[in-house]
Amino acid sequence: MGPAGRLSVAAALLSCLCLHGLLGNSGQAFGQGPPVLHRIDHAEEDDDSGGLMPELSPTGSPQPFVPFLAPAPLAPFYNNSTPKLSGKCSLNFTAINGLMTTTAVDCFASFAPFLANVICCPQLQATLTILIGQSSKQTGSLALDPTLANYCLSDVQQLLMSQGASDDLHSICSVHLSNATEGSCPVSTVDAFESVVDSSKLLEACRKVDPVNECCSQTCQSAISDAARKISSKDAALTSDTASPKVDSCRNVVLRWLSSRLEPSSATKMLRQISNCNVNGVCPLSFPDTSKVAKECGGTVKNITVCCKAMDSYVSHLQKQSFITNLQALNCASVLGAKLQEMKVSTNVYSSCQVTLKDFSLQGKLDSIFYLDTCSRVIF
């Protein structure tokens, strides 16, 4: 989807969010029908147009058929501010200008906290990786020194803010120096990397990531992990620990090298697909105390209505936290089910109270058209 399409989806989503009060107070988790769009019809009953055309204003400018139900949300994209850059970052932002715009839209100020784990943060991480990877073609380095990294991370934030992105991305997405430096990885240059890793084999495994099978086959991910272990063990014994801080740092270096060998659009697809596999494997929601649900639904349920009311209230709290994918929702449902079983809840409250996967996420509040348009690219 191009920037124009993303803008229209973002506009639709923000209007829908405002309709349901998601940027302020949220309603009950269940029983929500589709939003009612109130069309303002100024036409007279005897109008030849059959009441379909709105009345012209005195200036001759026609009114919209369906007026905006919220303030125009995308003004920053059409009235960009001037970013305050450090002037000390050597990264070539112009080379990936389109990618920066995409990231700004995905991290639009009003959406970033809700879309953080599914869209915004994976896109921001991909952008940082590609920026450094592309710059390595000139510098020969797959990492920035800490001082330069500080300036560059600040400049990225400023550039995205100037296009409407949130001003708190570093906090929302937990961006640290390690996202731009070598961290604890002993390899940080292109020459050193290619002297250790079978780069042609790595590139072949990740040049085209299968969007359907990668999460199961892990063809690209396995190649990345193998390369990360090899460079993390340079001048030392090869380790089998794929979750050590050193291997994690080296995985970032591997991703930057791959991003230097692919076009930015191809690199984005590769990075996002890998990210989606990781995102879908966990539940990002935090679960508050379940004692109230356990009190009303534990043991032999005396009043199913009271039980479901407690369950609805609990799930409504979860629903306010974030947009999540269907697979994440499945993990979350499993996690909550296990918590309730530990609290001696044996009744199938999901079935009895008609709790579905969409009730675990903010998108349960939105019409299916907005959900599909916005999230289909990160669910599968």
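Select α4 and α11: these two helices pack at an angle of about 65 degrees, with their axes 7 Å apart. The model you are viewing is predicted. Now look along the pair: α4 passes α11 in a right-handed crossing.

**Stop 1: the contact between α4 and α11**

Show the side chains where the helices touch. From α4, pick Thr129, Ile130, Ile132, Gly133, Gln134, Ser136 and Lys137. From α11, pick Leu255, Arg256, Ser259 and Ser260. Colour them by class. The contact has three nonpolar, six polar and two charged residues.

**Stop 2: the largest pocket**

Stay with α4 and turn on the pocket surface. The largest pocket has a volume of about 890 Å³. It is lined by 31 residues. To find the centre, select Gln125, Asn252, Leu255, Ser275 and Asn278, the lining residues closest to it. Leu255 also belongs to the α4 and α11 contact.

Which elements give two or more residues to this lining? They are α4, α10, α11 (245-261) and α12 (264-279). The most comes from α4, with eight residues. Colour the lining by class as well: 13 residues are nonpolar, 14 are polar and four are charged.

**Stop 3: a closed space**

Next, hide the pocket and look for enclosed space. The model has two cavities of 30 Å³ or more. Go to the second largest, which has a volume of about 40 Å³. Select its lining: Leu124, Leu128, Leu153, Val156, Gln157, Leu160, Leu169, His170 and Val175.

Three helices each supply at least two of these residues: α4 (112-139), α5 (146-161) and α6 (169-172). Which helix gives the most? It is α5, with four residues. The lining divides into seven nonpolar residues, two polar and no charged.

**Stop 4: the loop between α6 and α7**

Follow the chain past α6 to Ser174, in the loop between α6 and α7. Check its backbone. Ser174 has a positive phi of about 50 degrees, although it is not a glycine. Is Ser174 buried, partly exposed or exposed? Its relative accessibility is 44%, so it counts as partly exposed.

Glu182 sits in that loop too, between α6 and α7 (190-196). With a relative accessible area of 29%, Glu182 is partly exposed. Show what surrounds it. Beyond its neighbours within four places in sequence, Glu182 is in contact with Ala143, Leu144, Ser188, Ser249 and Arg256. You have already picked Arg256, on the α11 side of the contact with α4. Now draw a C-alpha to C-alpha distance from Glu182 to Ser141: it reads 9.7 Å, for residues 41 apart in sequence.

**Stop 5: Lys230 on α10**

Move to helix α10 (residues 219-232) and select Lys230. This helix is among those that give two or more residues to the lining of the largest pocket. Lys230 is partly exposed, at a relative accessible area of 40%. Draw another C-alpha to C-alpha distance, this time to Asp198. The two residues are 10.0 Å apart in space and 32 apart in sequence.

**Stop 6: Lys344**

Finish with Lys344, in the loop between α15 (326-342) and α16 (349-352). Check its phi angle. The value is positive, about 70 degrees, although Lys344 is not a glycine. Is Lys344 buried or exposed? Its relative accessible area is 65%, so Lys344 is exposed.

Conventions. Residues numbered from 1 in each chain as written. Predicted model: local features only at pLDDT ≥ 70, side-chain atom pairs only at ≥ 80, totals over all residues. Heavy atoms only, no water. Buried < 20%, exposed > 50% of the residue type's maximum accessible area, 1.4 Å probe, protein only. 1 Å grid on protein atoms, 1.4 Å probe; cavity = no way out; pocket = protein on both sides within 12 Å on 5 of 7 lines; lining within 4 Å. Points joined across faces, edges and corners; volume = space filled by probe spheres on them. Nonpolar A, V, L, I, M, F, W, Y, C, P; charged D, E, K, R; others polar. Axes fitted to C-alpha atoms, helices over the stretch in contact; angles between N-to-C directions. Left-handed = near helix turned anticlockwise from the far one by under 90°. Contact = heavy atoms within 4.5 Å.
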